[in-house]
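Thanks for making the time this morning. I would like to take you through one model, looking at its open and enclosed spaces and at one place where two helices meet.

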Amino acid sequence: MPNKSSKAGGIASVKSTVNQLIKSKQVRRNMLNLYHANKHEGFDCPGCAWGDDKSGAFRFCENGAKAIAWESTSEKVDAAFFAQHTVSELRKQSDHWLESQGRLVEPLRYNAQTDKYEPVSWEQAFTYIADGINALQSPNELELYTSGRASNEASFLYQVFGRALGTNNFPDCSNMCHEASGIALKRSIGVGKGTVTLKDFDAADTIFVFGQNPGTNHPRMLNALRSAAKRGATIVSFNNLKEVGLQRFASPQKPAELLGLQAVDISAQYYTPKLGGDFAVARGMAKVIIEELAEQLNQDFIKTHTHGIDAYIEQVKVTQWQDIETRSGLTRADITEAASLFVRSKKAITCWAMGITQHLHSVDTIHELTSLHLLTGAIGLPGAGMCPVRGHSNVQGNRTMGILEAPTPAFNQAMQAVFDFAPPEKPGHRVYDAIKALHAGQSKMLICLGGNIAAASADTAYTEQALRRTTLMVNIATKLNRTHLAVGQDALILPCLGRTEADTTGGKNQAITVEDTFSMVHASSGNTPPASDLLKSETEIIARIAQYTLKDRIALDWESLIADYSNIRELIANVIPGFNNFNAQIQQPGGFHLYNSAANLQWNTASGKAEFNAVALPDALFPDSVQAKITQQDSPVFTLQTLRSHDQYNTTVYGMNDRYRGVFGERQLVFMHAEDMRLLGLTDNSLVDISTIWDDDTERKVTQFRAMSYDIPQGNVACYYPETNPLIPFESVGLASATPTSKSVPVLIKHAET
Ligand SMILES: Nc1nc2c(c(=O)[nH]1)N[C@H]1C(S)=C(S)[C@@H](COP(=O)(O)OP(=O)(O)OC[C@H]3O[C@@H](n4cnc5c(=O)[nH]c(N)nc54)[C@H](O)[C@@H]3O)O[C@H]1N2
Ligand SMILES: Nc1nc2c(c(=O)[nH]1)N[C@H]1C(S)=C(S)[C@@H](COP(=O)(O)OP(=O)(O)OC[C@H]3O[C@@H](n4cnc5c(=O)[nH]c(N)nc54)[C@H](O)[C@@H]3O)O[C@H]1N2
Ligand SMILES: [Mo]
């Protein structure tokens, strides 16, 4: 068993931050950057979408610091670098190596003859793109991908551009992330966003955390959990693994805790369900409430605000405890205890992240969690409601701005009224559809506003084949990554400013805006000098692509939008509900909150009420055809989850350690239960090959991984993403969400072939 850390935060966290700052070779500048992160006059931390109280306090977060230091390194990849390396050579390097080479500093075009990226002028780059798009037979042959760091302003212009061309093809990183949350919440409570704000964490009596590792991925959330625990609120965690940050936390902001004199216990109860077992957990909790704690049902709330209770109760009653226990991996006693904690107070918040959203049945699972809140009326009150904890710092804002493959009629009408063109009504592509269309040659061009779709998407071999079939791929990026190397006929890299850098487009200091997980919208402006004079802002790049491509097909003064982003915000105010007086509203410290109908007990659903979901608990984690294949195997089939280490940001790998889990210098690992290892004849450090069981003939395999015994339910194993994305079958996606099932992949584990 690894030597795990006993608490999250503390002095080790400060040490790690300092090391990261030193590695960036910009120590002084990054100290200042850290100070400016999440301040009213500063920039929004590119680390995660957790909100901030904007009290002005210096909010230290180790992984935010890593994200900042990584972006503002002094290393650069320039023309000389690309002259030295062919793309084929670069493809052999690791994700970590590629990004470690430094910031992209000039526009580049792929030359198929030399197999190298070569410098190109911005004007030439925009002209190639415009010519490429205008030569397409249909605008639907173009895919416009967004990663969730892009600002509101850049994403708004991006969707105007796409719709003016005539396509709704807006694949987005959230298709691989919280898609199921948006769908389930929209279906159940009429709004696809969380209903709580940061203040609610100060009022809640109970906070449930499902399938999330905040110690690594949302460290600032630990401050909220810490103060809640200290004032006596009960925190209940459901996680497949015993994550250190959910157990004990020492705030780096508090001197006594920092020095290790004390740490705060976070979770009062910690349950470790099986992968994908949370639907059964929530169903079991509902069963306890309905059958054993019926006096806790909030009959007034149910009657006034909900629809479908009778069918739901019937469905819950026919669900058998035996099935609930088998599927969840927890006992009836555990689930009964959790249910009694849930009904203790109406002031209950349920938080969740990827452990819930990346399964076959994620949409129903999230709907079931919401149903628990509807049973007791724990929503729309101070301290009560739903909290999907978003990942990328502006992923929620992108969607608000219209990065949607299926916009509503109301949105289209508003677009038409402001821009005087008829936006396309035919639904476009999500990531799943986009990659499939590229693979089939139906789509031909791909523009990526940030991100690393080649490494982030499932089934790496299939995804790369799809990208390599593009006639033109355009990447707007800060650092070199695997996507840029999956070149087809023609490819461009357009280097952009990062969040931390001063954006003086149009000769003035520009601010952009973002929306956090609590629907708070606020301004962000960087302050450090850009990594190169040749960088352009994402906003300008998108505006120029649109200007060159659309010419006079749309009557928009692109120059004025580029020269002053407040002009873009004026347009946003006219199209997107809730953004009236946008420019004035962002002057307030902390920004402004977008109205949330469900938090105000208004239900924008078909029935006008919050909906229960009377569906049966599914029999298995996998589709029937796959389940059939699984039962034919002679050796045990494990369920694999792919997750993040403490030293990475999605596909960006900062280093090889995962301190809280006791892992140092290695990422090719598989965490396994000691008994499972014994059954397979493995010991710690044994080398294994891992292969997927699926209902097709494709071999999906990763080799030479090290086994590591770990406190994990038997039958479940865990590996890091993105190294194990080759194992996730492209067709293994969530029902309705089409999100890759990154937290449940059926695999065989065998001694490595030498
Ligand atoms: N430093 C850092 N910060 C980040 C990111 C990063 O990579 N690095 N990524 C950002 C992004 S885009 C996102 S979406 C978030 C991701 O934030 P998380 O969702 O915390 O990310 P994961 O590492 O995927 O962790 C999933 C957690 O769920 C648990 N889990 C997995 N499957 C199950 C299950 O079936 N049931 C239960 N109950 N638990 C399960 C895992 O053990 C793990 O603790 O973080 C954001 N913030
Ligand atoms: N197996 C598995 N797969 C997963 C997941 C999982 O848990 N398991 N998680 C999924 C999730 S939750 C997500 S959100 C996706 C992430 O998918 P993406 O958002 O596509 O991937 P990132 O790794 O965040 O993108 C990193 C790249 O973004 C670029 N970049 C960084 N900052 C900026 C910037 O300011 N501007 C621009 N233009 N570019 C920038 C850099 O070039 C960097 O290489 O991955 C998904 N894939
Ligand atoms: Mo994400």
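**Spaces and a helix crossing**

Let me begin with the lining of the second largest cavity, whose residues fall into 8 nonpolar, 6 polar and 2 charged. I should say straight away that what you see is a predicted model, and that the values I quote are computed from it.

That cavity encloses about 100 Å³ of space, and among the 16 residues lining it, Ser13, Glu62, Pro219, Phe249 and Pro252 are the ones closest to its centre. If you look at which elements contribute two or more residues to this lining, you will find β1, at 8-9, α3, at 62-71, and α12, at 219-230. Of these, α12 gives the most, with 4 residues. In the structure overall, there are 7 cavities of 30 Å³ or more.

Let me turn now from the enclosed spaces to the pockets. The largest pocket has a volume of about 1,300 Å³, and its lining is made up of 35 residues, with Lys186, Gly192, Lys193, Leu404 and Thr408 lying nearest the centre. Which helices each supply at least two residues of this lining? They are α9, spanning 179-189, α21, spanning 395-400, and α22, spanning 409-419, and it is α9 that gives the most, with 4 residues. By class, the lining of the largest pocket comprises 14 nonpolar, 14 polar and 7 charged residues.

My last topic is a pair of helices, α14, which covers residues 278-292, and α18, which covers residues 332-343; their axes come within 8 Å and cross at roughly 70°. Because angles from 65 to 115 degrees count as roughly perpendicular, that is how α14 and α18 are described relative to each other. The crossing in which α14 passes α18 is right-handed.

Which residues of α14 meet α18 here? From α14 they are Val281, Gly284, Met285, Val288, Ile289 and Glu292, and they meet Arg332, Ile335, Thr336, Ala338, Ala339, Phe342 and Val343 in α18. Sorted by class, the residues of this contact between α14 and α18 comprise 9 nonpolar, 2 polar and 2 charged.

To bring the two spaces back into view before we discuss them, α9 is the element that gives the most to the lining of the largest pocket, while α12 gives the most to the lining of the second largest cavity.

Key:
Residues are numbered from 1 along each chain as its sequence is written. Chains are lettered from A and ligands numbered from 1 in the order in which they are written. This is a predicted model: local features need pLDDT of at least 70, side-chain atom pairs count only at pLDDT 80 or more; totals for chains, interfaces and linings use all residues. Side-chain values use heavy atoms; hydrogens and water are left out. Axes are lines fitted to C-alpha atoms, for helices over the stretch in contact, and angles run from 0 to 180 degrees between N-to-C directions. Angles under 35 degrees count as roughly parallel, over 145 as roughly antiparallel, 65 to 115 as roughly perpendicular and the rest as oblique. A crossing is left-handed if the near helix is turned anticlockwise from the far one by less than a right angle, and right-handed if clockwise. Contact means heavy atoms within 4.5 Å. Ala, Val, Leu, Ile, Met, Phe, Trp, Tyr, Cys and Pro count as nonpolar, Asp, Glu, Lys and Arg as charged, and the others, Gly among them, as polar. On a 1 Å grid over the protein atoms alone, a cavity is a set of points where a 1.4 Å probe fits but cannot get out, and a pocket is an open set with protein on both sides within 12 Å along at least five of seven lines; lining residues have an atom within 4 Å of a point. Grid points are joined across faces, edges and corners, and a volume is the space filled by probe spheres set on the points.
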